[in-house]
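Hi everyone, thanks for coming. Let me put the sequence and the model up on the screen, and then we can walk through it together.

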Amino acid sequence: MTRRTRVLGVGSFVPDRIVTNDDLTQWMDTSDEWIRTRSGIEQRHWVEPDDTTTSDLGLEAANRALDAAGLSIDDIDMLIVATLSPDHEFPGTACFLQAKLGCPGIPAIDVRQQCSGFVYGMAQADMFVRGAMADTVLLVGAEIHSKAMDISTEGRDISVLFGDGAGAAVLQAVDVDDPSTQAHIYSSHLHADGNYAKELWIEGPSSTYSPNRWDNDFLERGAQWPKMNGKTVFKHAVTRMPEVALEALEANDFAVADVDLWIFHQANMRINYFAAKKLGIDDDDKVFNTIQRFGNTTAATIPIGLDEALKAGRLEPGMLVCIAAFGSGFTWASSLLRW
Ligand code: ACO
């Protein structure tokens, strides 16, 4: 028997407020047709313009994941939170969420690998469990993008793409003697190339600037908003996601046809279409996309995808599931699981 990690339960949460593509036209020069054809997005959920924080969304998703796992917060011995939209610059959002969950004392870890954050977190959880530093890990991906985007025409290339939301998974140690049937994570594969850091980033506030982390024309030039070289991101995403997915399959002697369900990061429907084509996935039903309804929720896309796939009856015990993500950094990562 080998000590491995399995996903015991997942949950997700999005705020009630739905913002359609048509709704966006009140703030910027865009159209439903442009957004649908370029990205596949039809609507996204944004928080109300109130004091809701990323950890508030994470709390809802975490509680749903705990319910799905049949556990209480007292059963959790490690908390990992992936986000690019933290509650505050410091301390980490995991600490804020920990206080809301009521589990003081356990390790609380932030993961800052953006769209790949949840898969990086899954790899970390798996390694902590395999190494017996933890038995039951709560992994959360949560984002509030709507408060940190330029929703004027100037920022439309980015702001039409992103939504708010959270997803969570409870991961637990399991003794595996038959990997072909028992639920567990086979392996995870992580990569990054910081040479592309500025292709998708927020310039500041930053330690570049002294003494105040910003300079005189900071707000004037919009340095607080995310900036993206969309074409470069697209080009790398359609290469790296299939590449890292294949790496996971090869490491475990599986073929593309063995995979029952693919959950890709949800940045753009066209990216996922090209990734599926490159991999030679012959059945569209094996690729589960949620971007139409939620937009890109960054670190939350993968757990939202898992939860929605379960609700839709597309994810069943015994299935081989391949997860792959690509994002700012650039970072890219995959996990292969027996569900
Ligand atoms: N509405 C209307 N017009 C727009 C919008 C908008 N929201 N945004 C940009 N445009 C305009 C531009 O101003 C430009 O106009 P111009 O030609 O007059 O200068 C034109 O549309 C650009 O059009 P395209 O070149 O056809 O745009 P493209 O096909 O490259 O699509 C997109 C842009 C969707 C951003 C694409 O590059 C992309 O998907 N990139 C991947 C990046 C991505 O998905 N990032 C998500 C976050 S990263 C992550 O999660 C991995």
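Before I point at any loops, a word on terms: strands here are DSSP runs of E with at least two residues, and they are numbered from the N terminus. Please also keep in mind that this is a predicted model.

With that numbering in hand, take a look at Phe330, which lies in the loop between strand 12 and strand 13 (331–338). The peptide bond leading into Phe330 from Gly329 is cis, with omega near -15 degrees. There is another cis bond, from Ser210 to Pro211, and there omega is near 5 degrees. To find Pro211, go to the loop that joins strand 9 (200–202) and strand 10 (226–228).

While we are on the backbone, please find Ala132, in the loop between helix 5 (117–130) and strand 6 (136–143). Ala132 is not a glycine, and yet its phi is positive, at about 65 degrees. I mention these spots because most residues other than glycine have a negative phi, and most peptide bonds are trans.

Now to the ligand. Where does it sit? The ligand is in the largest pocket. Both domain 1 (2–176) and domain 2 (184–338) contribute residues to the shell, so the ligand lies between the two domains.

How many residues surround the ligand? There are 23, and the closest are Thr30, Cys115, Lys231, Asn268 and Asn296. By type, the shell splits into 11 nonpolar, six polar and six charged residues.

Which elements supply at least two shell residues each? They are helix 2 (32–39), helix 6 (156–159), helix 7 (230–251) and strand 12 (320–327). Helix 7 gives the most, with four residues. Strand 12 may sound familiar, as it also borders the loop that holds Phe330.

Let me finish with the polar side chains. Asn268 places a polar side-chain atom 2.4 Å from an oxygen atom of the ligand. For Asn296, an N or O atom of the side chain is 2.7 Å from a ligand oxygen. Arg38 has a polar side-chain atom 3.0 Å from an oxygen atom of the ligand. Overall, the protein covers 73% of the 1,000 Å² of accessible area that the ligand has on its own.

That's my tour, and I'm happy to take questions!

Note on methods
Residues are numbered from 1 along each chain as its sequence is written. This is a predicted model: local features need pLDDT of at least 70, side-chain atom pairs count only at pLDDT 80 or more; totals for chains, interfaces and linings use all residues. Side-chain values use heavy atoms; hydrogens and water are left out. A residue is near a molecule or strand if one of its heavy atoms lies within 4 Å of it. A polar contact is a pair of N or O atoms within 3.5 Å; within protein, one must be able to donate a hydrogen and the other to accept it, and residues adjacent in sequence count only if both atoms are side-chain atoms. Accessible areas come from the Shrake-Rupley method with a 1.4 Å probe; for residues, only the protein chains shown count as cover. On a 1 Å grid over the protein atoms alone, a cavity is a set of points where a 1.4 Å probe fits but cannot get out, and a pocket is an open set with protein on both sides within 12 Å along at least five of seven lines; lining residues have an atom within 4 Å of a point. A molecule sits in a cavity or pocket if more than half of its atoms lie within 2 Å of its grid points. Ala, Val, Leu, Ile, Met, Phe, Trp, Tyr, Cys and Pro count as nonpolar, Asp, Glu, Lys and Arg as charged, and the others, Gly among them, as polar. Domain bounds come from an automatic or database domain assignment.
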